[in-house]
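Me: I've got a model open and some of the vocabulary bugs me. Can we go through what the words rest on?

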Amino acid sequence: MSGRWRAVFCLLLFASTALAQVPPLKEFSHKKHLELGNVAPAIANAIDKGTYLGKPGDIRGQLNSNNPCMACHRGMAESDRVSKINMPQMADCLVCHNKIDPPDTCAFCHPADAKLKPVNHAADFLDTHTRKNSGLDYTSCAVCHDRKFTCLGCHQK
């Protein structure tokens, strides 16, 4: 491991304890995930195919690294300090962990008492979520509800 990547690794270790996980995870094994090799090509492929369940923004160009850590912890080499932007997004995890059936599959990674419901899902959410000024879009819903969710999937219940 070169000096530069060793420094990045140290930053990642610091970050894993210094930043609170939002949303919290039951457990996470870097060792298990590093045994998979570099998952950057899988994330890039999901972005290219349009199956990435988040807003990829400008991350596509950052996935051209041979360092497997950089697939999830993008921008570390350019950062002076670790922030949430250097941490994996849930959409990154869902490239491989892609069986979404809330609330059942949430418990696979998140503790039962985790506050997963977005703050905008307030008491009046059912009345306000379809308004054009709600700030919601299909992509933001898909991270929890998958791309195949439909309005009637909830509203028929």
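Reply: Sure. One term up front: Ala, Val, Leu, Ile, Met, Phe, Trp, Tyr, Cys and Pro count as nonpolar, Asp, Glu, Lys and Arg as charged, and the others as polar. Keep in mind that this is a predicted model.

Me: Okay, how do you know how the residues lining the second largest pocket divide into nonpolar, polar and charged?

Reply: Go through the lining: Ala46, Thr51, Tyr52, Leu53, Ala91, Leu94, Val95, Asn98, Asp146, Arg147 and Lys148. Sorted by those classes, they come out as 6 nonpolar, 2 polar and 3 charged. Helix 4 gives the most here, with 3 residues, and the pocket's volume is about 250 Å³.

Me: What makes Ala46 a contact partner of anything beyond its sequence neighbours?

Reply: Contact needs heavy atoms within 4.5 Å. Leaving aside neighbours within four places in sequence, Ala46 is in contact with Thr51, Tyr52 and Val95. Ala46 also belongs to the largest nonpolar core, which has 12 residues. Helix 3 gives the most to that core, with 5 residues.

Me: Why are Ala40, Ile43, Ala44, Ala46 and Ile47 called the buried residues of helix 3?

Reply: Buried means under 20% relative accessible area, and these are the helix 3 residues that count as buried. They cover an arc of only 160° around the axis, so they sit on the same side of helix 3. Helix 4 is part of what covers them.

Me: And what does the face turned away from that buried side carry?

Reply: Pro41, Asp48 and Lys49, which are exposed; that word takes over 50% relative accessible area.

Definitions and conventions:
Residues numbered from 1 in each chain as written. Predicted model: local features only at pLDDT ≥ 70, side-chain atom pairs only at ≥ 80, totals over all residues. Heavy atoms only, no water. Core = buried A, V, L, I, M, F, W, Y, C linked by side-chain atoms within 4.5 Å. Buried < 20%, exposed > 50% of the residue type's maximum accessible area, 1.4 Å probe, protein only. Helix = DSSP H or I, 4+ residues; strand = E, 2+ residues; numbered from the N terminus. 1 Å grid on protein atoms, 1.4 Å probe; cavity = no way out; pocket = protein on both sides within 12 Å on 5 of 7 lines; lining within 4 Å. Points joined across faces, edges and corners; volume = space filled by probe spheres on them. Arc of directions from axis to C-beta.
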